[in-house]
Amino acid sequence: MRSIPFGKPIIGDAERQAVMAVLAGSTLVHGPVAKRFEEVFAAFTGAPHAISVASCTAAMHLVYFHLGFGPGDEVVVPAQTHAATAHAVELVGATPVFVDCEAGTGNIDVAAVAAAITPRTRAIAVVHYLGVPVDMAAITALARQHGLFVLEDCALAIGTRLDGIHAGLHGDVGCFSFYPVKHMTTAEGGMIICRDPQLAAQLQRKKAFGVDRTVGERTVPGMYDVTMLGFNYRMNEIEAAIGIEQVGRLPDMLERRRANSAVLRDGLRGIAGIGLLEDGPAGGESSHYCLSAILDDSLAARRLSIIKHLNAAGVGTSIYYPRPVPLMSYYRDKYGFNEGNFPQAERISNNSIALPVGPHLDEEDMAYIAKAMADAVKEST
């Protein structure tokens, strides 16, 4: 029996040597390695500016904090996402206004976004669900019409492009995650990309207490001023060193994800009762985070049994996401949402099984997963 974990970071000698080089020096934070990582990531995405931070959640929170959002302000947020997308809004005291997703892609429903905009709306948060690009032309047109800020949650979208432009550069900012099972990792950590130099400069200061000069910019050690309110959301040099090496691996890792996804998609198509999400709008390029099998309603009641069969066969699985965020206990209790409020997101959450396509696997693994799924559907009760 094969062992096929859902996700696994690809860490090699280059990353280990980069970490040891940092540890051999005297600078673990406030150093040149984080700056170099920002430059490397900006070059990969084509972003004019990149700001390294402690996590994707920190990135989103920092952006909303900088914009001055607070009580009485609203941010339109997809129901089908990780809780962090909404938490970042809650943490500044603003209100997340949840909208349903498209049935075909799992991405935010643009028509629902338009209907959710009120005089209190300050921003639209979009999530490129599982790496499939959102129709950003429609989103940015809405934003221009209503004078709204657009934040792209790109936690699963490193390598996602639309019309040749990397995710995160269609709106005002893009926020990325480097959690271990993502497309690349720094163990923990995140990145913000944007086109606006003034915004980038402000975020750089506010991620580090609002101090007016970095350690390297101080002519007298220990002398600085605090000119604005800020956080300790910096990325350290060890994480950044890993990140530099990981960006170098990205083209190969993304290609392996694409090839794996294509083979698995073909293998699952012949299984009765299994559907697959679409690849998104024309001109889009998915980052292929995973492949989510959508069970027909006749199979959905047997999902747990199917998952158990897959796991027993050595196939790692996950669910993206276990329920829409507004139906998670915190948001449900606070805002009074009920089942049926977000039918498309609920169907994906209730009927899906996420299958691995990461670069730790090969096309033979994909064929094995497809066969294991066919067997699990037959054997489950």
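Which element gives the largest share of the lining of the largest pocket? I began my notebook with this, keeping in mind that the model is predicted.

**Entry 1: the largest pocket**

I looked up the volume, and about 570 Å³ of space lies in the largest pocket. Of its 25 lining residues, I noted that His-30, Lys-35, Gln-204, Lys-207 and Thr-214 are the closest to the centre. Two elements, helix 2 (32-45) and helix 7 (197-206), give two or more residues each to this lining, and the largest share, four residues, belongs to helix 2, which settles my opening question. When I sorted the lining of the largest pocket by class, I found ten nonpolar, six polar and nine charged residues.

**Entry 2: the second largest pocket**

I then turned to the second largest pocket, for which I recorded about 370 Å³ of space. There are 23 residues in its lining, and those nearest the centre are His-82, Ala-84, Ala-155, Ser-177 and Lys-182. Here helix 3 (56-67) and helix 4 (83-90) are the elements that contribute two or more residues, with helix 3 giving the most, three residues. By class, I listed twelve nonpolar, eight polar and three charged residues in the lining of the second largest pocket.

**Entry 3: helix 8**

Does the end-to-end distance of helix 8 agree or disagree with the span expected from its 33 residues? I took 1.5 Å a residue for residues 237-269, which should span 48 Å, and since the end C-alpha atoms of helix 8 are 45 Å apart, the two values agree. I also noted a bend of about 50° in helix 8 at Leu-250, with a proline, Pro-251, following within four residues. At the start of helix 8, I found a side-chain oxygen of Asn-236 reaching to within 3.0 Å of the backbone nitrogen of Ile-238.

**Entry 4: Ser-286**

Where is Ser-286 found? I placed Ser-286 in the loop between strand 11 (284-285) and strand 12 (290-295). Is Ser-286 buried or exposed? I classed Ser-286 as buried because its relative accessible area is 10%, and the cut-off for buried is under 20%. I then looked for polar partners of its side chain: the side chain of Ser-286 reaches the backbone oxygen of Gly-131 at 3.3 Å, and a polar atom of the Ser-286 side chain lies 2.9 Å from the backbone nitrogen of His-288.

How values were computed:
Residues are numbered from 1 along each chain as its sequence is written. This is a predicted model: local features need pLDDT of at least 70, side-chain atom pairs count only at pLDDT 80 or more; totals for chains, interfaces and linings use all residues. Side-chain values use heavy atoms; hydrogens and water are left out. The expected span of a helix is 1.5 Å times one less than its number of residues. The bend at a residue is the angle between axes fitted to the seven residues ending there and the seven starting there. A polar contact is a pair of N or O atoms within 3.5 Å; within protein, one must be able to donate a hydrogen and the other to accept it, and residues adjacent in sequence count only if both atoms are side-chain atoms. On a 1 Å grid over the protein atoms alone, a cavity is a set of points where a 1.4 Å probe fits but cannot get out, and a pocket is an open set with protein on both sides within 12 Å along at least five of seven lines; lining residues have an atom within 4 Å of a point. Grid points are joined across faces, edges and corners, and a volume is the space filled by probe spheres set on the points. Ala, Val, Leu, Ile, Met, Phe, Trp, Tyr, Cys and Pro count as nonpolar, Asp, Glu, Lys and Arg as charged, and the others, Gly among them, as polar. Buried means under 20% relative accessible area, exposed over 50%, partly exposed in between (1.4 Å probe, protein chains only).
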